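Me: I am new to this structure. Please take a close look at one part, the second largest pocket, and tell me what lines it.

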Amino acid sequence: MREDFNLKNSLSIVTVFHNHISFVDAYFRSYQRVYGSLPCNLIVIDNDSNDGTKARLEWWRNKEGFQFKYHPLKENLGFGAVHNTFIADIDTNNLLFLNPDVSFTYDFLTPCIKALDQYQGIISPLFKDLSGMHYSSYSPFFEDKWFLVKKIIYEIYPLKKIQCVDWIAGACLFLRKDQFLAVKGFRKEYFVYTEDMALARDFRNHGWYSRVLKDHWIFHPKRSLNGDKFKQMCSNLVHYFQGKDPEPYHQYLKCKALAGQISFEWLRYFEKTLRLKH
């Protein structure tokens, strides 16, 4: 890392809001508590919120030390498309895609940027839920023939200080603009969900890996999978599995159904959508 390193010159954060009124204050207060003000460039995009988010973002934008670039949209473009659209608005090569429901209590930005400078690819801290319990924010690629084995290893095997994984949930991703553009950004087929896995696969195909930092973390609500999200995910997986084998993930879902962790109705929906045999 060069000697004149500082966050202001080295990092731009992109955060996309959509009906996140309950998280706006906690998001900005994290910066306020840790840094006193915004520590680097911040690009905020509101994806056509209708719950008061826009007004609250304007309130924070008028607060001293929080003058971020702001793009209020009149149409929800989806998670990936918004990042692709506004990438030209970013001056630095180091990027952080950060969800609005993330909060933090210390400077996690600096160690993550230093790791990105060393390893490139995609970098993320660990995730803790709002009670402070760590949960897995990373997974094997769904088409990996060793998916079940790697899933168990990811869950129980102690992490190295900097652990290489297949893909990481998109709530907190450090990456480089030139590499993001080299893979043509998020795939346009995905409105929301699984775009993070597809991005990591595209990075891996270029020889750039995803890594999590064991000693650093952010807070992010752990959410269970619901029916609507599962159906959207299945729709996206039709695109993702083109030229790939869906059977490893299919077997994983069978195990979850047998264990009572998902319904057999969900399993059948996946099989029908992907045109798989029972």
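Reply: Here is the pocket, followed by the chain around it.

This is a predicted model, where local features need pLDDT of at least 70, side-chain atom pairs count only at pLDDT 80 or more, and totals for chains, interfaces and linings use all residues. Residues are numbered from 1 along each chain as its sequence is written, and side-chain values use heavy atoms, without hydrogens and water.

A pocket is an open set of points on a 1 Å grid over the protein atoms alone, where a 1.4 Å probe fits, with protein on both sides within 12 Å along at least five of seven lines. The second largest pocket holds about 160 Å³ of space. That volume is the space filled by probe spheres set on the points.

The lining has 14 residues. Lining residues have an atom within 4 Å of a point. Nearest the centre lie Cys40, Asn41, Leu42, Gln67 and Phe68. Strand 2 (residues 41–46) gives the most to this lining, with three residues. Strands are DSSP runs of E, at least two residues long; helices are runs of H or I, at least four.

By type, the lining has six nonpolar, four polar and four charged residues. Nonpolar covers Ala, Val, Leu, Ile, Met, Phe, Trp, Tyr, Cys and Pro; charged covers Asp, Glu, Lys and Arg; the others, Gly among them, are polar.

Now the surroundings. The protein chain has 11 helices and 11 strands. Its C-alpha atoms fill a box of roughly 60 × 40 × 40 Å along the principal axes. Buried residues (under 20% relative accessible area, 1.4 Å probe, protein chains only) make up 51% of the 278 residues.

How values were computed. Buried < 20%, exposed > 50% of the residue type's maximum accessible area, 1.4 Å probe, protein only.
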